[in-house]
Amino acid sequence: MDYKSSLIQDGNPMENLEKQLICPICLEMFTKPVVILPCQHNLCRKCANDIFQAANPFWTNRVGSVSMSGGRFRCPSCRHEVIMDRHGVYGLQRNLLVENIIDIYKQECSSRPPQKGSHPMCKEHEDEKINIYCLTCEVPTCSMCKVFGAHQACEVAPLQSVFQGQKTELSNCISMLVAGNDRMQTIITQLEDSGRVTKENSHQVKEELSQKFDVLYAILDEKKSELLQRITREQEEKLGFIEALIQQYREQLDKSTKLVETAIQSLDEPGGAIFLLSAKQLIKSIVEASKGCQLGKTEQGFENMDYFTLDLEHIADALRAIDFGTGKGGGGARCLFPCSAPGNLLPCC
């Protein structure tokens, strides 16, 4: 962390220092901070463990039964991926420097008198501060509105209790959305790998096909071109489908990331009333965004291209009449692209 440059830019060093000591997940001051190597970002150990468990649901670390394999952890601040050992998050280094700074900060804050900050006032009663929350109308208001105003018949609650409740709910939503983003990034990586394997398999079957056609090139030249075009169309259709999925996931990931940033900025608002004016809609948007990450995926074996094969043994005399299942001039020629082949996108028999 660059404390020095940050403190110089802000006229309130203690307030700026507090921002540097906030966990990006729970948005509270670090508790047992651990450093995520090698990106050097910090998280509460519990928050880091929650994210790690969400990304690695089959990883276990129980007393007397320690998993022999680690897992992957993606830093929520910079998206850098770290490979954990069998100890998981508990194998990360504790950031003792940050812990000492937090202790010093808390001691300094406890010795200072509380400062009076700006407080939103009621629009109906200009001399009254907004200090209660109307549960019926779901809006912050003042005591005069409850006694004499529009909220006389409404059910109300202390502003601070509702403020803490919705702040906790928003923090939980952020954690859920961060975990969802990590899963989407994993799916994008898998789709990119699938595209790479599809290209490799396409190249392999093209090479095999070319070697077989070289033997009888003069006779099969036209047929060779036809088959290569079929393979290319298959490749383009599969890659087009994969790239469309990747684009959908990336767009969803960008929207979710921006929504996380907006939510984190909202949690930095110290005023309960100001926070509550937008918190409900923000929570609703996050819940809706979390439901939108269930996009399509490729089926198992989608990238396979091994059904584009030819066996020319014992059929040299029948080469001029061979066909690929179209039924034109091929007689009993077998279909090279069976309808039951996994992931087959081409029409067949």
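**Contacts, pairs and bridges in a predicted model**

Me: Leaving aside neighbours within four places in sequence, which residues is glutamate 99 in contact with?
Reply: This is a predicted model, so read the contacts that way. Glutamate 99 is part of helix 4, residues 96-110. Skipping its neighbours within four places in sequence, glutamate 99 is in contact with Lys32, Pro33 and Arg94.

Me: OK, and is glutamate 99 buried or exposed?
Reply: The cut-off for buried is under 20% relative accessible area. Glutamate 99 comes in at 18%, so the label is buried.

Me: Which residue does arginine 94 form a salt bridge with?
Reply: Arginine 94 is partly exposed, at 36% relative accessibility. In its salt bridge the closest N and O atoms are 2.7 Å apart, and the partner is glutamate 99.

Me: What sits opposite arginine 94 in the sheet?
Reply: Arginine 94 is in strand 7. Strand 7 pairs with strand 1 (residues 33-36) in the antiparallel sense, over 2 bridges. The residue standing opposite arginine 94 is valine 34.

Me: Which strands stand at the edges of that open sheet?
Reply: The sheet has 3 strands in the order 2-1-7, with antiparallel pairing. Each edge strand has a single partner strand, so one side of each is left without a neighbour in the sheet. Those edges are strand 2 (41-44) and strand 7 (93-94).

Me: Which helix packs on the sheet, and what angle does its direction make with strand 2?
Reply: The helix is helix 3, residues 45-55. Helix 3 touches strand 1, strand 2 and strand 7. Its direction and that of strand 2 make an angle of about 90°.

Me: Back to Lys32 for a second. What's its phi?
Reply: Lysine 32 is in the loop between helix 2 (13-20) and strand 1, and it is partly exposed at 43% relative accessibility. It isn't a glycine, yet its phi is positive, at about 50°.

Me: Where does glutamate 138 lie?
Reply: Glutamate 138 also isn't a glycine, and it has a positive phi of about 60°. It is partly exposed, with a relative accessible area of 40%. Its place is in the loop between strand 8 (132-134) and strand 9 (139-141).

Me: Let's do rings. How many residues apart in sequence are the parts tied together by phenylalanine 241 and phenylalanine 302?
Reply: The structure holds 3 aromatic pairs. This one is tilted, with 5.6 Å centre to centre and 45° between the planes. Phenylalanine 241 lies in helix 7 (residues 217-267) and phenylalanine 302 in the segment after helix 8 (272-291), so the separation of the parts they tie together is 61 residues.

Me: Of those two rings, which counts as buried?
Reply: Phenylalanine 241 is partly exposed, at a relative accessible area of 39%. The other ring has 7% relative accessibility, against a cut-off for buried of under 20%. The buried one is phenylalanine 302.

Me: What about tyrosine 307 and phenylalanine 308: what angle lies between the planes?
Reply: Both residues are buried. They form a tilted aromatic pair at 4.9 Å centre to centre, and the angle between the planes is 35°.

Me: Which residue has its charged end over the ring of phenylalanine 302?
Reply: The ring is that of the buried phenylalanine 302. The charged end is 5.3 Å from the ring centre, and it belongs to lysine 238.

Me: Now charges in helix 6. How are glutamate 200 and arginine 196 separated?
Reply: Their side chains meet in a salt bridge, 3.1 Å from N to O. Both are partly exposed, glutamate 200 at 43% and arginine 196 at 42%. They are 4 residues apart in helix 6 (residues 159-215), so the separation is about one helical turn.

Me: Glutamate 226 and arginine 230: which one counts as buried?
Reply: These two meet in a salt bridge at 3.1 Å, N to O, and sit 4 residues apart in helix 7. Glutamate 226 is partly exposed, with a relative accessible area of 26%. At 12%, the buried partner is arginine 230.

Me: Last one: which residues do salt bridges that share partners join into one network?
Reply: A search of the whole structure finds 10 salt bridges. Those that share partners join into one network the residues Arg74, Arg79, Glu81 and Asp182.

Note on methods: Residues are numbered from 1 along each chain as its sequence is written. This is a predicted model: local features need pLDDT of at least 70, side-chain atom pairs count only at pLDDT 80 or more; totals for chains, interfaces and linings use all residues. Side-chain values use heavy atoms; hydrogens and water are left out. Rings of Phe, Tyr and Trp (its six-membered ring) pair if their centres lie within 6.5 Å; planes under 30 degrees apart count as stacked, over 60 as edge-to-face and the rest as tilted. Buried means under 20% relative accessible area, exposed over 50%, partly exposed in between (1.4 Å probe, protein chains only). A charge sits over a ring if NZ of Lys or CZ of Arg is within 6 Å of the ring centre and within 35 degrees of the ring normal. Two strands pair if DSSP finds at least two bridges between them. Contact means heavy atoms within 4.5 Å. Axes are lines fitted to C-alpha atoms, for helices over the stretch in contact, and angles run from 0 to 180 degrees between N-to-C directions. A salt bridge is a side-chain nitrogen of Lys or Arg within 4 Å of a carboxyl oxygen of Asp or Glu.
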